[in-house]
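Reader: I am a first-year student and should be grateful for a close look at a single part of this structure. Would you please take one loop residue with an uncommon backbone angle, and then explain what surrounds that part in the rest of the chain?

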Amino acid sequence: MGSRNLSTVLVVVWVLIANPAAGDSDSIIGRFQQYLQINTAHPNPNYKEAEEFLVSQAKSIGLESQSIEFVTGKPLLLLKWQGSSPTLPSILLFSHTDVVPVEQHKWDYPAFAAILDSHGNIYARGSQDMKCVGMQYLEAVRRLNSSGFRPIRSVYILFSPDEEIGGHDGAERFAHSHIFNSMNVGIVLDEGLASPAEHYRPFYGERSPWWLVIKATGPPGHGAKLYDNSAMENLLKSIESVRRFRASQFDLVKAGLKAEGEVTSVNMVFLKAGTPSPTGFVMNLQPSEAEAGFDVRVPPTADPESLERRIAEEWAPASRNMTFQFKQKTTVHDKYGRPLLTKTDSSNPWWTLLEEAVRKANGTLGKPEIFPAATDSRYFRQQGIPAIGFSPMANTPILLHDHNEFLNQAEYLKGIDVYESIVKVYASHVEHAGMGETKDEL
């Protein structure tokens, strides 16, 4: 063997000794791809296969595991890394196993094949939202455990179902359970968003989802007849009113006066009207009913009563033969009506520790934000537990729920470094042992 080749071999051996994980990136990416290849898209998520895979990973790391079913067929998987001082408040690393549906013909690759392209991008539904985070938790704990690190605080990792349809049979039930109460959780980490910039995006609160359906009724009429108060005419008036409100909110964001999570967003998601026929719809008959659905997101700083009055008086007034209902309407306020916001200053040691851990991993945090959509964090904040949304994906386009969702393998591996630092810092923290006792103060 030539001296140059021998030198190369020695360098590789030295790198592997100094950093055992350095030579294992293919295995790490392979495990991520395995998880992504399990189709957990609604309406028929394969929760069983996902749970079996995750249990196998937990066993390979040496974690305790518990399967919990509040609703048959919707398992939550709770993993535990026992701390040496289990009386201290524990760490909960939360993720959800379900993903949204796919329009496969609009993707460049099969959405559940987890294709790794020549640029290192991994294409799959869930690559950003949020199977990446769940696997990064496991890989971070795997590294720490292998290195000999032992946590002082207990660390829990929870994989929950149904977040994409509200989380009512998963995280919401869990947050009200005796199991959760017995865990003495001090801090919850949950999902955030990708960042197109160099920094990571942290979230300290979120908007509340109001899924609104407005319905208009009126007499049917000939397609050629002009008359007042038809169902379609009244619904279109409402849609125009909604559009104006949406534009006023969006203008604040465009002008840089408010962040996206600080305004009320409204987007129409369906329009239903017409009389079906064997060839499509009857063209010479004005329908007697028409409906429109809207995804409304309300920030915790908004006045929900004022918005509901607007809906009743402007968007769906009874005077125009209109009604409305909420398919989902949640709150991001506590029992006293205060916004559920996790503190992001020195009064919250978990926030300070997060900043420290990210810095140690050579990352930076951007300005704390209100999450523009909704996550399961709200159920834990409602219990008085601080929760931070955080997905370590920098230099990455935001593609959750989008076609061709992908995450670059280099960013995925960096994210594991970040979580390794966070778990180590959080699980080693022994000061302020009484934190979490006054849970009403987020």
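Author: Asn362 is exposed, for its relative accessible area is 76%, and a residue counts as exposed when that value is over 50%. This is a predicted model, and the values given here are computed from it. The residue lies in the loop between helix H9 (349–360) and strand S17 (369–371). Its backbone deserves attention: phi of Asn362 is positive, about 65°, although the residue is not a glycine.

A second residue with a positive phi offers a useful counterpart. Ala114, which is likewise not a glycine, has a phi near 55°. Is Ala114 buried or exposed? Its relative accessible area is 2%, so Ala114 is buried, the limit for that class being under 20%. Ala114 is placed in the loop between strand S3 (90–96) and S4. A positive phi is thus found in an exposed residue, Asn362, and in a buried one, Ala114.

The loop of Ala114 leads to strand S4, which belongs to a sheet. Three strands, in the order S4-S5-S19, make up this open sheet, and their pairing is antiparallel. Strand S4 (115–116) and strand S19 (406–408) are its edges, each pairing on one side only. Strand S5 (residues 121–123) is joined to S19 by 3 bridges, and Ile122 has Leu407 as its bridge partner in S19.

Beyond S5, the backbone shows another feature. Met130 lies in the loop between S5 and helix H4 (131–146), and the peptide bond that joins Asp129 and Met130 is cis, with omega about -20°. A cis peptide bond also leads from His42 to Pro43, where omega is near 15°. Pro43 is found in the loop between helix H2 (25–36) and helix H3 (47–61).

From these loops we may turn to strands with much cover. Strand S18 (residues 387–390) is covered on both faces. As a general matter, the side chains of a regular strand alternate between the two faces of the sheet. In S18, Ala387 and Gly389 are on one side, Ile388 and Phe390 are on the other, and all of them are buried. The neighbours of S18 run in different senses: strand S7 (residues 185–190) is parallel to S18 and joined to it by 3 bridges, whereas strand S8 (residues 202–206) pairs with S18 in the antiparallel sense over 2 bridges. Val188 stands opposite Ala387, and Phe203 stands opposite Gly389.

Strand S15 (residues 289–298) is also mostly covered, with 8 of its 10 residues buried. Strand S9 (residues 208–217) runs antiparallel to S15, and 10 bridges join the two; within this pairing, Trp210 is opposite Val296. Strand S11 (residues 265–273) is likewise antiparallel to S15, with 8 bridges between them, and Leu271 has Ala292 as its bridge partner.

Pro299 follows in the loop between S15 and helix H8 (304–315). With a relative accessibility of 1%, Pro299 counts as buried, so a loop position may be buried here, as Ala114 also is. What does Pro299 touch, leaving aside residues up to four places away in sequence? Its contacts are Arg207, Gly261, Glu262, Val263 and Thr264. The C-alpha atoms of Pro299 and Glu260 are separated by 9.4 Å, although these residues are 39 apart along the chain.

The chain as a whole supplies the setting for these details. It contains 11 helices and 19 strands. Its radius of gyration is 25 Å, close to the 22 Å that the globule rule gives for 442 residues, so the chain is as compact as a globular protein of that length. Along the principal axes, its C-alpha atoms fill a box of roughly 90 × 55 × 45 Å. Buried residues, Ala114 and Pro299 among them, make up 51% of the 442 residues. Of the contacts with a separation of 6 or more, 80% are between residues 24 or more positions apart. The exposed surface of the chain is about 20300 Å², with 52% supplied by carbon and sulfur atoms.

Technical notes:
Residues are numbered from 1 along each chain as its sequence is written. This is a predicted model: local features need pLDDT of at least 70, side-chain atom pairs count only at pLDDT 80 or more; totals for chains, interfaces and linings use all residues. Side-chain values use heavy atoms; hydrogens and water are left out. Helices (H or I, at least four residues) and strands (E, at least two) are DSSP runs, numbered from the N terminus. The radius of gyration is taken over C-alpha atoms; the globule rule is 2.2 Å times the number of residues to the power 0.38. Buried means under 20% relative accessible area, exposed over 50%, partly exposed in between (1.4 Å probe, protein chains only). Contact means heavy atoms within 4.5 Å. Accessible areas come from the Shrake-Rupley method with a 1.4 Å probe; for residues, only the protein chains shown count as cover. Two strands pair if DSSP finds at least two bridges between them.
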